[in-house]
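Subject: Structure handover

Hi,

Here is the structure we talked about. Please open it before you read on.

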Amino acid sequence: MQKNIQSVRGMRDIHSQDAACWMYLEDSLKKLSNRYGYEYIKFPILEKTALFKRSIGDNTDIIEKEMYTFADRNGDSLSMRPEGTAVCVRAGLQQGLLYNQRRKFWYLGSMFRHERPQQGRYRQFEQFGLEVFGISSVDVEVELILFCNRLWRELGIENVLQLNINTIGTIETREEYKRELVSFFRDNIDSLDEDSVRRLETNPLRILDSKNPNLKDIISRAPSILDYLDDGSKEHFIELKKMLENLKITYRVKPTLVRGLDYYNDTVFEWSTDSLGAKSEVCAGGRYDKLVSLLGGHECPGVGFAMGLDRIVSLMQQIDVNYNQKTDLFVISDDILSVRSKAMEIAEGIRSNYPDKSIMIYTGNGNFKKQFKEADKYKAKVAVILGDKEFKNDSISAKILNDDTSQTMYTMQEFDRFLHNNLV
Ligand code: HAM
């Protein structure tokens, strides 16, 4: 026998109870986006490699080693999107959505990074993101943070998440800071690991982000970016903190938070948790006022975040909530063509009158006992039964499941009343 073909490493199937939890989360995000007035945008999975190189930065982990890049049949270099921000900007520019406009977008979809797979880290993972264009004031950052805060609260996971914020200044002041940082780390080069020595040349800010516990001490003694800000960045950060305090949002300033993508300026933030084994980020973002012009557009401020849904689902599964889809009503009928047709017609009628309810019908062969078993399996609240007798009398029977009341036969008119009383 041939061996079964397995999925690609780091890429998963999601099914059964996990899928129900995913659906609940995705539904919540779609509704919440609408409640905050954001518009949906959908963009391709494949993009020209140059888009990511130009925006994310050549010396970042994503560009150096994580992208799924290949030459297509024409020889063009394409990459599977490792994130959504660059693509959203590309789409916004190409479709003329950004020039002189204020736009607020949301998106949801798979991203691809060739990282070492482990719990909470996959090669295909799902992100939900918000991106706001055309507004440079700090209230946008605050709105994004409020959005996340509300989501955590409504999912019941707010107690395991912590908000970290920082500012990384402008691109110019960051250059000056980088020089100071490199000089400090060069003076202490013996305390660095191999990866950080390499980063000294390529992306020194990322040394601050190192997960190596041996570097903790040296990093804590490094110069702080907060001492290198210009007045504009300082003011922006003060305003951010003030607004968060006014709105009673708890945060921590984390001066080593620098983010792994080059396009940010001023505000950066992340929500992290200790509840997924190693400390991990479930949501991250920041301001990127130069990205639109870097990709060929006019000056247009931008700010956004993306959350990793795989990690949020894991947090949701740690609390005791049943996300399984609930079946409200289950239709059981004789396995005779004319009766089954009538039963299907009845089920369609109920779906039209009760569009929010889940109505299932038994399909395939099976006696009533088997069909009732199936209704139990789906934890249906109500069973509706159409046997030969009901069919001939133009009537229908119904029973509340998990209840002592017996099965009752109704005229069609009485049945409407029964549904009204038991399905709302
Ligand atoms: P990022 O920090 O690279 O930012 O990713 C955002 C979130 O995606 C992370 O906090 C994490 O939850 C999730 N994530 C990243 N990599 C993986 C992985 N391999 N497996 C599972 N989850 C993962 C961005 O992508 C920016 N585009 C965020 C942004 C939007 N900034 C402004 N707008």
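Below are my notes on the ligand site, one helix and three single residues.

Keep in mind that this is a predicted model.

Ligand site

The shell around the ligand counts 26 residues. Glu-83, Thr-85, Glu-115, Glu-131 and Tyr-264 come nearest. By class, eleven of the shell residues are nonpolar, seven are polar and eight are charged.

Three polar pairs are worth a look. The side chain of Thr-85 places an N or O atom 2.8 Å from a nitrogen atom of the ligand. Arg-259 also uses its side chain: a polar atom there is 2.9 Å from a ligand oxygen. Phe-305 uses its backbone instead, with a polar atom 3.3 Å from a ligand nitrogen.

How much of the ligand's accessible area does the protein cover? On its own the ligand has 660 Å², and the protein covers 95% of that. Three elements each give two or more residues to the shell: β6 (124–133), β10 (280–287) and β11 (302–308). β10 gives the most, with six residues.

Helix α9

This helix takes in residues 231–246, 16 in total. Its end C-alpha atoms are 22 Å apart. At 1.5 Å a residue the expected span is also 22 Å, so the two values agree.

Which residues of α9 are buried? They are Ser-233, His-236, Phe-237, Leu-240 and Leu-244. These five cover an arc of only 95° around the axis, so they sit on the same side of α9. The general pattern fits: an α-helix has 3.6 residues a turn, so residues three or four places apart point the same way. On the face turned away from the buried side, α9 carries the exposed residues Asp-231 and Asn-246.

Single residues

Ser-110 belongs to strand β5 (residues 103–112). Its relative accessible area is 12%, so Ser-110 counts as buried, the cut-off being under 20%. The side chain of Ser-110 makes a polar contact of 2.9 Å with the side chain of Gln-124.

Now the backbone. Most residues other than glycine have a negative phi. Lys-248 is not a glycine, yet has a positive phi of about 60°. Lys-248 lies in the loop between α9 and β8 (252–253). With 74% relative accessibility, Lys-248 is exposed.

Asn-402 is not a glycine either, and its phi is positive at about 55°. You will find Asn-402 in the loop between β15 (395–400) and β16 (408–411). Asn-402 has a relative accessible area of 78%, which makes it exposed.

Best wishes

Key. Residues numbered from 1 in each chain as written. Predicted model: local features only at pLDDT ≥ 70, side-chain atom pairs only at ≥ 80, totals over all residues. Heavy atoms only, no water. Near = heavy atom within 4 Å. Polar contact = N/O pair within 3.5 Å; in protein donor to acceptor, adjacent residues only side chain to side chain. Areas by Shrake-Rupley, 256 points an atom, 1.4 Å probe, with all protein chains shown as cover. Helix = DSSP H or I, 4+ residues; strand = E, 2+ residues; numbered from the N terminus. Nonpolar A, V, L, I, M, F, W, Y, C, P; charged D, E, K, R; others polar. Expected span 1.5 Å × (residues − 1). Buried < 20%, exposed > 50% of the residue type's maximum accessible area, 1.4 Å probe, protein only. Arc of directions from axis to C-beta.
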